[in-house]
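Dear colleague,

I am handing over the structure we spoke about, and my notes on its salt bridges and internal space follow below it. Please read them with the coordinates open.

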Amino acid sequence: MTDTTSSGASPAVEITPAYRRYALFVLLLAYVSSYVDRQIMGVLLEPIRNEFLLTDTQMGFLGGIAFGIFYATLGIPIAFLADRWNRRNIITAAITVWSFMTVACAFVGGFWTLAAARVGVGVGEAGSSPPSHSMIADLYPAEERSGALAIYALGVYIGIMVGFLVGAYVAHDYGWRMAFVVVGAPGLLIALLVRFTLKEPPRGHSDGAAPAEVGPIDWDTAKTQVKAGFAHLWNDKVSRHVVIGVTLVSFVGYGGAYWGAAFFIRSHGMTLIEVGQYLAAVIGGAGVFGAITGGRLADKLGAKDPRWTMWIVAFAKFVAAPIIVFFFLEMDTSVALIIYIPTVLLGAFYLGPSFAMIQTRAPVQMRALCSAIMLFILNIIGLGFGPQAVGLLSDALAPAYGQESLRYALLLLSFISVWGGVHYYLAGKHLVSADAK
């Protein structure tokens, strides 16, 4: 297999089924690493809050805005680079940065130094997903893309699982600072794996087209390209509703994932180890199964009626809504733990189909950029303000509900997922044929 040049030119390379599976696996490892480093704050939230005497609003800032703003904003210029340069090298650099900054979190002295370290993690992680989405889209044809990107999206659930499990045990035995070191350091090895074992696929390869021509890296044209990317996502009705839907769903999802451990500790009296074990098992099991099932169902049902590639996500959100209400209002811990399983499973349906639809609808030469714009909107609102909104609402409800304020904050914000489901329904409604625009 021949390597690519640093400019991103894609000479003829051999992409066998075995290689593309391997490449997907390595990119999945990178995504797992990013989510472990991103979500480790969730399991360490209570120990950090207690040591530094922080409010829920401050903890929401650390898990949301401090990370999300830079993560989202830098994704667009990095994606512009990825559409013109070697995507493998960009991913390698990104992994190196976020892994180093995660380890740096172990040496902070308070709120502001921890916030600065989390900003660094966000800066690194900005360079991973857009080029990864673009590479996978070039490795897998449209009819297999939802399934492939659903497998890539497993990094969310595997990463959260590993973060909760490793973070809980290490924090319990060695303190929360050591947990950052243990989860951050392995990323440096993954960076080497990406750099020395992956190859740059020809752009447009999986669509049966000649390698797409890409221009030189000219930042003077960046503004025009970004405007074109935003215009595409807005003017294409399917993409527009997918972006709105994934943003609303992620707003709820990021808030729930970040505050989940704290909720079980405060409202159900579970220990850090118990929460780590349970959330690792549920998110690693039900989350992974849900992500795979959602992607596979989207591919299978979409082959018969393309509208179902989006309607399967809307269906999952509508079915999950009453179960989520039941979960947050249930006071019995044993019952709540059981109810939580289907909420996680159904909640995972959206990832693969959403990523795949954006890639399928985007022009070949703008795939990384369109992915980055989607992630910019999703992460500014979902990742940046989801955890922050929960913290603010929890503090606002504390005078009335005390220790249970977090329960009702999460419950009230969960209804936004139904709004997201409506947009997935509308996306499917506009998807009347495979080439509809």
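**Salt bridges and cavities**

R87 is buried, with a relative accessible area of 0%. Please bear in mind throughout that this is a predicted model. The partner of R87 is E200, and the two side chains meet in a salt bridge with an N to O distance of 2.6 Å. Since R87 belongs to helix α4 (residues 87–104) and E200 to the loop between α9 (186–197) and α10 (222–235), the pair ties together parts that are 113 residues apart in sequence. E200 also counts as buried, at 0% relative accessibility.

A second pair is formed by R361 and D236, whose side chains meet in a salt bridge at 2.7 Å, again taken from N to O. R361 lies in helix α15 and D236 in the loop between α10 and α11, so this salt bridge links parts that are 125 residues apart in sequence. R361 is buried, with a relative accessible area of 4%, and D236 is likewise buried, with a value of 4%.

The pair of R177 and E51 makes a salt bridge in which the closest N and O atoms are 3.2 Å apart. Here R177 sits in helix α8 (residues 176–184) and E51 in helix α1, so the contact ties together parts that are 126 residues apart in sequence. R177 counts as partly exposed at 27% relative accessibility, and E51 counts as partly exposed at 42%.

The count of salt bridges comes to ten, and E46, R49, D56 and R266 are joined into one network by salt bridges that share partners.

Turning to the internal space, the structure holds four cavities of 30 Å³ or more, and the largest cavity contains about 750 Å³ of space. That cavity is lined by 44 residues, of which V252, G253, Y254, G256 and A257 are the closest to its centre. By class, its lining has 30 nonpolar, twelve polar and two charged residues.

Which helix supplies the largest share of this lining? It is α11, with 13 residues. The helices that each supply at least two residues of the lining include α1 (17–52), α7 (142–174), α11 (237–268), α13 (308–329) and α16 (367–401). Two of the helices named above for their salt bridges, α1 and α15, are also among those that supply at least two lining residues each.

With best wishes

How values were computed. Residues numbered from 1 in each chain as written. Predicted model: local features only at pLDDT ≥ 70, side-chain atom pairs only at ≥ 80, totals over all residues. Heavy atoms only, no water. 1 Å grid on protein atoms, 1.4 Å probe; cavity = no way out; pocket = protein on both sides within 12 Å on 5 of 7 lines; lining within 4 Å. Points joined across faces, edges and corners; volume = space filled by probe spheres on them. Helix = DSSP H or I, 4+ residues; strand = E, 2+ residues; numbered from the N terminus. Nonpolar A, V, L, I, M, F, W, Y, C, P; charged D, E, K, R; others polar. Salt bridge = Lys/Arg side-chain N within 4 Å of Asp/Glu carboxyl O. Buried < 20%, exposed > 50% of the residue type's maximum accessible area, 1.4 Å probe, protein only.
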